[in-house]
Amino acid sequence: MPAPSKDTNRYFEEIGEGETYSVEDARTITEADIVNFAGLSGDFHPLHMSETAGEESDFGERIAHGNLVFSVAEALVADMNPRSFSYGYDSLRFVSPVPIGTTLSVHREVVETEAYNDSLGRVVYQYEVTDGEETLLVCKHITLVERRDAE
């Protein structure tokens with residue numbers, strides 16, 4: 001079942017398991033992204049920054065930082081619900097390398113909902129990032145959401 005929109009303003013009780021939201025061919029990773037992310041993060045690993053190292057690697061070319069791909073994907077599909085906040089991430093895996101010029105598609109699905117305490121519910125989203133064919137990144141995003149009954 002599709003989510004009502006990317007960003008919602010909902011209580012825990014209004015979010016159901018199986019709910020999905022996807023964006024296709026939404027964002028291309030560029031040279032500028034990699035350079036800017038290296039400067040911001042301090043991660044200047046040769047696989048990201050050196051043409052020679054990239055070409056001589058098993059990947060055959062430079063690749064994007066996994067955390068860059070994760071950050072872009074999160075921005076594309078995260079529900080900016082003012083009644084919720086991020087509790088963390090589990091099972092983050094960089095499944096396949098992401099070369100410069102890769103265009104990302106991202107899918108999210110609510111895979112778990114449960115009461116957390118008297119005022120909050122716990123909602124777990126499964127994210128999958130692809131290049132349209134191959135899976136590039138997966139993770140679970142755990143959020144805590146206000147319960148309607150708590151007001």
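This passage describes the overall architecture of the chain and then turns to the surroundings of one residue, aspartate 79.

The model is predicted. Four helices and five strands make up its secondary structure, and, read from the N terminus, these elements follow the order β-α-α-α-α-β-β-β-β. The C-alpha trace extends over about 60 × 30 × 20 Å along its principal axes. Of the 151 residues in the chain, 40% are buried. Among contacts with a separation of 6 or more, 68% come from residues 24 or more positions apart.

The surface and the charges can be taken together. About 7,800 Å² of the chain is exposed, with carbon and sulfur atoms supplying 48% of that area. The side chains include 11 positive and 29 negative ones, and 8 Å lies between the centres of the two sets.

A closer look at a single loop residue completes the picture. Aspartate 79 is found in the loop that links helix 4 (66–77) to strand 2 (84–94). Is this aspartate 79 buried or exposed? Aspartate 79 counts as buried because its relative accessibility is 12%, and the cut-off for burial is under 20%. The side chain of aspartate 79 makes a polar contact of 2.6 Å with the side chain of threonine 8. Once neighbours within four places in sequence are set aside, the residues in contact with aspartate 79 are Lys6, Asp7, Thr8, Arg10, Ser84, Arg108 and Tyr125. Thr8 thus appears both in this contact list and as the partner in the polar contact.

Methods
Residues are numbered from 1 along each chain as its sequence is written. This is a predicted model: local features need pLDDT of at least 70, side-chain atom pairs count only at pLDDT 80 or more; totals for chains, interfaces and linings use all residues. Side-chain values use heavy atoms; hydrogens and water are left out. Helices (H or I, at least four residues) and strands (E, at least two) are DSSP runs, numbered from the N terminus. Buried means under 20% relative accessible area, exposed over 50%, partly exposed in between (1.4 Å probe, protein chains only). Contact means heavy atoms within 4.5 Å. Accessible areas come from the Shrake-Rupley method with a 1.4 Å probe; for residues, only the protein chains shown count as cover. Lys and Arg count as positive and Asp and Glu as negative; His and the chain ends are not counted. The place of a charge is taken as NZ of Lys, CZ of Arg, CG of Asp or CD of Glu. A polar contact is a pair of N or O atoms within 3.5 Å; within protein, one must be able to donate a hydrogen and the other to accept it, and residues adjacent in sequence count only if both atoms are side-chain atoms.
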